[in-house]
Amino acid sequence: MSKTNIQKKSSKRDLSSNAFRETMAAYGFLLPNFLGFAIFTAIPVVVSLFMAFTYWNIFSKPIWIGLDNFRSLLWFRHDGGHLVPNDPFFWQYLYNTVFLMMGIPLGMAGSLILALMLNQKIKGVVFFRTVYFLPSVSAGVALLILWKYIFNSEVGLLNQCIRSAGAVIYASKPLAMLFTIFCAAVFGLIIIGIIASVLSFLSWICEKLKFYWPEWLYRILVILSSAAVYIIIAAYGRSFFVTMSNFMGDPPNWLGMVSWAKPSLMFMGFWGSIGGFNAILYLAALQGVPRSMYEAAEIDGASGWKKFWSVTWPMISPTTFYIMIMGVIAGMQSGFMQAKIMTGGGPVGSTTTLEYYLYKTAFENFNMGYASAISWFIFIVVLMLTLITWKLGGQLVSYE
């Protein structure tokens, strides 16, 4: 064998040895993450799937019961001629979870409006951006305790402000009338704004699906709905006045009444979400919209609203799509801290969500099998909602 061939074989062995060492080094760096994923994620997932088909109270060995947990959780039975669920609490808590998730689009709309405001070139904008992001860096438990104090019916800041304002306003009848008219006008504007936004969103979806609305139809629908809203408010004007006076004189027990507990938590969630990471994502998306597109729209004579729907909204639609999917996933897995710290799940279970029900079933009632069945139900629902959102939302998102 010649000296040249020997050198070539030696060089190949060196390269092969180096590649092997690099490969092993790469696996060595990946090993901690892989072990962490296996120990804290993959193995617990597999174990929970097994436990979902068992009865296990921690103090004894698991007993295989097949589909009984899912049958108790999801199925119905005949009772006195009526069809009733095997676990009525589960359906009530599922309703609570879905109800609280209705705050997600409101939070997204608030984040977008705030991002549009913070995207303006005004003096002190950095200060405002910092202030609005502060709730996101504060401790979650501390904020919940603060809101629990604010919502307190006797000494809470909110009710004290309402009582003080009511004592001043309703001491004078003309002032009370003016205040009622003002509140009715604001209430009507909010309803009209929601209707107009829904119609605009439907028009945008129809446009994406190649089903165009004439602009005059949109305007007529908005005008008719506005007239209907104010006619209804005027018809119930006296009832509105009585309701407002009672409300200002005796504010509700926000967290202690079934009718107000969920809206109170939604309002708190709305406050926390508008200035958080969603607003940061929207702000980054807005700053990525090319200025030349706005200039082209201005040359075509587009108004501010038209520029938003034709330029801004399509360009930030991927961000909206991402926030919506993450919001749906987080919404199905939320509600534990609020229920644990603020309401205890009450009153009458009106603020208990599936996540808190899972916790109580597992760590208070020690029924690990049933809790695992609840967790797998949540996983399947989240997966289905994500796939549906991905399928439908993907057709409406513009990536150009």
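Helices (H or I, at least four residues) and strands (E, at least two) are DSSP runs, numbered from the N terminus. By that scheme, Phe99 belongs to helix H3.

A word on the model before we look around. This is a predicted model, in which local features need pLDDT of at least 70 and side-chain atom pairs count only at pLDDT 80 or more, while totals for chains, interfaces and linings use all residues. Residues are numbered from 1 along each chain as its sequence is written, and side-chain values use heavy atoms, with hydrogens and water left out.

**Helices H3 and H4**

Let's start with the pair around Phe99. Helix H3 (residues 88-101) packs against helix H4 (residues 103-118) at an angle of about 20 degrees, and their axes are 5 Å apart; axes are lines fitted to C-alpha atoms, for helices over the stretch in contact, and angles run from 0 to 180 degrees between N-to-C directions. H3 and H4 are therefore roughly parallel to each other (angles under 35 degrees count as such). Contact here means heavy atoms within 4.5 Å. H3 contributes Phe99, Leu100 and Met101, and H4 contributes Gly103, Ile104 and Pro105. Setting sequence neighbours up to four places away aside, Phe99 also touches Lys262 and Met266.

H4 has a long list of buried residues, among them Gly103, Ile104, Leu112 and Leu118; buried means under 20% relative accessible area and exposed over 50%, with partly exposed in between (1.4 Å probe, protein chains only). The cover over these buried residues includes H3, helix H5 (125-137), helix H11 (258-274), helix H12 (277-287), helix H14 (304-315) and helix H15 (317-332).

**Helix lengths**

The expected span of a helix is 1.5 Å times one less than its number of residues.

| Helix | Residues in helix | Expected span | End C-alpha distance |
|---|---|---|---|
| H4 | 16 residues | 22 Å | 22 Å |
| H7 | 13 residues | 18 Å | 18 Å |

**Helix H7**

In H7, the buried residues are Asn159, Ile162, Gly166 and Ile169. Seen down the axis of H7, they fall within an arc of 100 degrees, so they line one face of the helix; the arc is that of the directions from the helix axis to the C-beta atoms. An α-helix has 3.6 residues a turn, so residues three or four places apart point the same way. Exposed Ala167 and Val168 sit on the face of H7 turned away from its buried side.

**Thr319**

Finally, Thr319 is part of helix H15. At 18% relative accessibility, Thr319 counts as buried. Beyond residues up to four places away in sequence, Thr319 touches Leu281, Tyr282 and Ala285.

Methods: Parallel < 35°, antiparallel > 145°, perpendicular 65-115°, else oblique.
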